[in-house]
Amino acid sequence: MEHIQHDVLAALSAAQTKAELDDIHNRYLSKKGIVNALMTQMKDLPPEEKPAFGAKVNALKKTLEAAYDEAVERVAQAEILNKLASESIDVTLPSTKPDVGTLHPLTIVQQAIERYFIGMGYLVKEGPEVERDFYNFERANIPQDHPARDMQDTFYINTEWLLRTHTTAIQTRMLEDYAGATPVKVICPGKVYRKDDDDATHSHQFTQMEGLVVGHNISMADLKGTLEGLAKAMFGESRVIRFRPSYFQFTEPSVEVDVSCHICNGKGCSTCKGTGWIEILGAGMVHPNVLSMAGFDAEKVSGFAFGLGVERVAMLKYGIDDIRHFYTNDLRFLSAFKRFE
Amino acid sequence: MNVSTKWLSTYVDLSGITPQQLAERLTLAGLEVEGLESIAHGTNLVIGEVVTCEPMPDSDHLSVTTVNTGSEVLSIVCGAPNVAAGQRVIVAQNGSVLPQITIKKTSIKGHESNGMICSLLELGVDPKSLSESQKSGIEVLGTDAPLGGDPLAYLGLDDTILDVKLTPNRSDCNALWSLALEVGALLSRPVYLPKAQSYPEKASSLMVGSETPKCPVFIGKTIGKVTVGPSPLWLKRALNAVGIKSINNVVDISNYVMIETGQPLHFYDASKLAKPEIIVKDHLKGIVKTLDESEIHLHHEDIVITCDGHSIGLAGIMGGDDSKIDESTTSIVIEAAQFSPAQIRHTSRRVNLMTEASLRFQKGLDPMAAAKAVERSTQLLVELAHATELERTVMFGQPDSSPKTVSVTPEHVRTLLGTPVDTETILDIFTRLHFDPVIKGDRIVCTIPSYRLDISVAQDLIEEVGRFVGYGDLQGTLPVMPMTVGGYDARQTMRNRVRSLAVGYGMHEVITYTLVHANKTIQGVNPIPDPDSLISPLSDERQYIRNSLLPSVLESVAYNQAHKQTDFQLFEISSLSNTKTNEERLVLIQAGKQTLSRWQHQERAYDFYSLKGLVEGILEELGFSSQRLSWIPVNDHPFFHPTQSVKLVLDRTELGILGKQHPLIAKAMGMDPVYMAELSLEPLLKAKATKIKYTLINKAPVVVRDLALVVDRSVSASQLEKTIAEAAKGVLLGIEIFDVYTGDRIEAGKQSVALTLRLQGESTLTDAEIAQTLKAVTEALERKHNASLRG
């Protein structure tokens with residue numbers, strides 16, 4: 001009986017196909033198989049030996065059937081693996097990639113700036129591109145006869161209407177809407193228009209983003225801290241900024257804001273013309289005339305304002321050489337801007 | 001503005017400060033220096049004397065010279081035609097670096113040469129300031145030139161020119177005297193301006209006046225017995241350094257004083273005036289012949305200088321040709337006046353004449369400058385043109401000389417700047433600026449000098465403190481104020497959702513120009529009537545404010561197709577703005593085909609249905625399900641395919657048109673037809689988006705039945721769907737069209753439409769209920785559309 005167990009177990013573990021296993025099953029484990037045949041020998045034994053013999057045969061049968069089931073499972077697994085092996089593919093062939101489009105680089109940069117300010121509690125405010133002279137100039141502290149109002153620089157539709165020359169027009173409307181109530185915390189993005197011939201660095205249409213905060217005790221230091229954060233958000237954590245005194249009608253004091261060059265880290269390169277600094281923003285403390293014209297008490301509240309050109313930021317950030325690319329919309333240009341970085 | 005540091009240093013001590021340091025200091029104080037340029041360049045230069053000069057035997061133009069530099073005698077080969085023994089010359093010694101060349105010991109045809117005798121051109125001096133002989137030969141110095149000395153210092157060419165970009169509020173610094181005061185204040189150094197001299201004067205025969213408010217002040221002075229001649233070297237150099245050509249001493253004085261005081265002056269030849277009377281007028285007609293010999297046709301608003309009823313000059317811009325100073329002039333009339341800056345700007349732009357004078361008048365002048373300029377020119381005319389007969393100054397009007405006071409509290413300075421600057425520092429800055437600060441209570445009261453037109457409110461004073469202290473040490477903080485909630489409004493949110501969805505669908509965003517050609521204003525979808533146009537556009541191409549988005553986007557489409565980029569999807573979302581309304585629009589474009597996998601041959605040409613799908617997808621995202629949309633065929637739009645275009649209606653509001661571009665229009669534009677949509681987004685902001693509402697999952701089994709119908713081709717899918725929906729109301733879960741066939745195997749004019757109906761009741765539908773529903777459906781289809789079931 002040990003002999004049989006040894007032979008069958010060896011045969012089962014050697015078997016590779018279902019047919020081989022069936023064969024073993026037929027010979028040993030079927031009704032007429034060798035194991036059942038052992039049972040027939042039992043009748044020839046003396047009665048006292050019968051129980052022990054029967055138990056031995058049953059144990060053998062159990063062992064062999066378990067081994068058989070196990071072998072069947074093993075062979076089935078092997079057959080599946082063989083089948084899968086035959087299904088091999090070249091994983092280096094091109095993928096079937098879903099088409100993904102691109103946001104326009106001006107949108108990418110604009111949204112990035114918006115994210116920074118929205119995180120600090122600013123509202124995004126817009127206004128009409130065809131604007132009244134009043135909001136574009138008068139309320140921005142740019143009086144009649146100021147050179148900026150000349151036909152040579154501004155697209156007039158008639159004496160009252162024009163294409164806005166800066167997003168300051170949105171700010172003057174916002175101040176009027178707030179009607180003296182603080183806090184005011186807004187950013188104002190939008191298209192603006194100036195009478196410039198288009199070339200590599202000028203465009204008669206471009207995009208501005210201005211910001212305005214009015215409240216109690218708002219200071220130049222607050223302006224600097226806010227714009228430092230913006231410079232870092234746009235051009236990297238290691239950026240620093242500097243203020244240079246300047247002049248704008250809308251603000252007093254006014255400053256130009258330089259950001260340390262993100263290309264050379266301030267050492268001097270062709271992008272920053274060797275100075276280590278890049279002029280990016282105009283800013284300052286809102287002129288008291290602007291505040292009082294809009295109904296604020298300029299004695300009690302103060303504010304800061306700043307403005308930047310979105311094209312300029314995008315050109316610096318991505319190394320774009322010609323402002324006209326933004327409006328030509330060549331797919332080779334557009335496709336480059338897959339994400340914000 | 002060009003500033004000569006050498007000239008500036010005659011008023012304020014600049015010793016120990018390099019031009020670079022000065023430029024940096026000015027820039028950080030808001031007077032941005034955009035460039036620095038030395039008048040002449042060269043290292044290792046020395047004054048030498050030519051001892052011997054012999055022509056080189058085998059050369060037709062070279063000379064062999066020996067030159068004494070005081071410390072040694074050099075043999076130098078020189079190629080200049082004018083070199084001669086006895087001359088004092090500029091020697092560039094070995095090792096000298098010149099703009100074009102570095103001097104080394106060399107040998108020319110066997111003759112050793114140790115240096116170069118230089119022309120000013122070789123030292124990089126602006127050729128415009130040089131005569132022909134100076135350009136073609138070496139510079140010959142005076143016999144007083146010190147041997148071994150610095151030739152640039154001797155010539156007054158040891159000068160650096162600063163290109164200062166003045167902001168409009170600091171036009172006072174157009175006057176070198178004011179700039180000197182500014183520099184003195186910045187550096188805390190004393191400033192020495194020339195003191196006015198008084199001379200014996202006789203009564204004036206001159207009458208001056210103004211008949212226009214555009215000339216409130218006019219000062220005149222007659223000066224007799226002047227001698228016109230060449231200017232001294234220092235004067236020539238000073239003017240050359242700032243880019244003004246020397247003419248003669250009298251004309252040069254007028255320019256010199258203009259640079260010093262900022263006040264443009266005009267000198268008339270007194271003998272050429274019909275009578276000693278100058279009246280300023282406007283509302284004149286006729287022609288003025290200006291100094292540059294151009295003829296200016298007067299407009300009524302122009303300010304004109306007249307004498308005896310004749311126009312003799314265009315005020316503030318250019319004098320007349322008839323009364324100009326020349327070599328024979330012996331007596332002159334000085335004009336120093338105030339003219340309306342705006343009018344000078346308008347006239348000068350119209351006649352296209354930008355002069356030093358007009359630029360200065362436009363920017364606004366110190367009201368006291370005119371008087372100062374007359375005094376200073378008198379002094380120089382006496383000293384340099386030997387004027388001896390002076391008449392008294394006559395003046396029309398009176399410059400506003402009332403002192404202006406502005407005050408500020410130190411606390412205001414500190415809170416607005418956000419920096420702890422102490423009161424003493426503030427007072428020191430105001431003192432250095434000659435603001436004469438006086439403390440009254442908690443305020444500092446400043447008396448503002450007449451030239452500081454920019455100081456009128458407390459914030460202006462605070463700016464002075466800010467720029468003097470500098471913002472370098474200012475520590476950034478964030479505003480401390482009540483919390484606010486930031487974010488986008490509904491319009492911006494919608495716009496950004498459309499953008500991200502379109503990008504997810506594989507579309508590229510474009511931004512196009514707002515200004516378009518007139519013919520683009522009639523080509524769009526639902527163009528807004530009466531488009532606005534510009535009074536004075538840059539070109540016809542950009543004259544109109546667009547009233548539809550599609551024509552501009554099609555320009556970008558055509559551009560890309562012309563550059564062999566034929567398969568793409570574009571979108572633009574932009575506002576159409578005009579004097580009456582603002583309307584947000586969306587344009588979608590599909591061109592060519594979509595390629596999923598070339599090697600697996602998975603390509604799909606864009607068609608009407610792919611565009612319709614885009615629109616449905618976007619509207620669904622915004623909360624407007626397809627059930628609320630109707631697609632109404634459009635067959636008469638000039639720019640759309642007559643049978644593949646629809647008007648899209650949400651509820652009852654038209655959103656816009658989508659479909660295939662009319663092939664004939666595409667052909668005319670030289671492009672391949674594309675699928676295009678232009679939709680207004682305004683109705684979406686007003687319409688109510690469908691709210692998301694969860695209903696329990698119905699666990700009753702779903703019954704699926706297919707129907708194959710034969711109907712006339714004129715019957716649309718949506719009509720069939722509508723009929724089915726009504727007939728199977730209550731149990732219909734969905735309809736899917738899975739086949740549409742027209743062709744040989746079916747009667748002409750008919751189509752076969754195969755659909756799957758998915759039915760579901762509140763509990764399991766019985767066979768009878770299913771049969772009853774299908775019967776109702778087929779009967780309704782037959783009754784309404786003459787549809788038969790296909791066998």
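**Notebook: strands and helices in chains A and B**

I began with β6(B) and found that this strand and strand β9 (residues 116-117) of chain B pair in the antiparallel sense over 2 bridges. Across that pairing, B:V91 sits opposite B:I117. Note to self: this is a predicted model.

Next I looked up the other partners of β6(B). Strand β3 (residues 45-55) of chain B runs antiparallel to β6(B), with 5 bridges joining them. There B:E49 stands opposite B:R88. I then turned to strand β10 (residues 140-141) of chain B, which pairs with β6(B) in the antiparallel sense over 2 bridges. B:R88 turns up here too, with B:L141 as its bridge partner in β10(B).

How many residues of β6(B) are buried? I got 5 of the 5 in residues 88-92, so the strand is largely enclosed by the rest of the structure. I checked the faces separately: B:R88, B:I90 and B:A92 are buried on one side, and B:V89 and B:V91 are buried on the other. That split fits the general pattern, since side chains in a regular strand alternate between the two faces of the sheet.

**Further along chain B**

I moved to strand β31 (residues 582-591) of chain B and found 9 of its 10 residues buried. β31(B) forms a hairpin with β30(B), with 4 residues between them. The pairing of strand β30 (residues 568-577) with β31(B) is antiparallel and has 10 bridges. I picked out B:I573, whose bridge partner in β31(B) is B:L586. I also followed B:L586 to β37(B), where this leucine stands opposite B:L679. β31(B) and strand β37 (residues 675-680) of chain B are antiparallel as well, paired over 6 bridges.

**The three-stranded sheet**

Back at the start of chain B, I traced an open sheet of 3 strands in the order β1-β11-β2, with antiparallel pairing. Which strands stand at the edges? I found β1 (2-4) and β2 (32-38) there, each with a single partner strand, so one side of each has no neighbour in the sheet. Neighbouring strands are turned by 30° against each other on average, direction ignored. Helix α2 (residues 19-28) of chain B packs on this sheet and touches β2 and β11 of chain B. The direction of α2(B) makes about 165° with that of β2(B). For β1(B) with strand β11 (residues 160-165) of chain B, I noted 3 bridges in the antiparallel sense. One of the pairs is B:S4 with B:I161.

**Chain A**

I then switched to chain A, which is divided into domain 1 (2-85) and domain 2 (105-334). The C-alpha centres of these two domains lie 88 Å apart.

I looked at helix α1 (residues 2-14) and helix α4 (residues 50-85) of chain A, which pack at about 5° with their axes 9 Å apart. The two helices are therefore roughly parallel to each other. The contact involves residues including A:I4, A:V8 and A:L12 of α1(A) and A:L60, A:L64 and A:A67 of α4(A). I count the contact residues as 9 nonpolar, 3 polar and 3 charged.

Last, helix α10 (residues 310-318) of chain A has 7 of its 9 residues buried, so the helix is largely enclosed by the rest of the structure. Among the buried ones I listed A:V310, A:M315 and A:L316, along with the charged A:E311 and A:K317. Their cover includes α5 (105-119), β5 (205-215) and α8 (220-235) of chain A. Just after α10(A), I noted that A:G319 takes a positive phi of about 70°.

Note on methods:
Residues are numbered from 1 along each chain as its sequence is written. Chains are lettered from A and ligands numbered from 1 in the order in which they are written. This is a predicted model: local features need pLDDT of at least 70, side-chain atom pairs count only at pLDDT 80 or more; totals for chains, interfaces and linings use all residues. Side-chain values use heavy atoms; hydrogens and water are left out. Domain bounds come from an automatic or database domain assignment. Axes are lines fitted to C-alpha atoms, for helices over the stretch in contact, and angles run from 0 to 180 degrees between N-to-C directions. Angles under 35 degrees count as roughly parallel, over 145 as roughly antiparallel, 65 to 115 as roughly perpendicular and the rest as oblique. Contact means heavy atoms within 4.5 Å. Two strands pair if DSSP finds at least two bridges between them. Buried means under 20% relative accessible area, exposed over 50%, partly exposed in between (1.4 Å probe, protein chains only).
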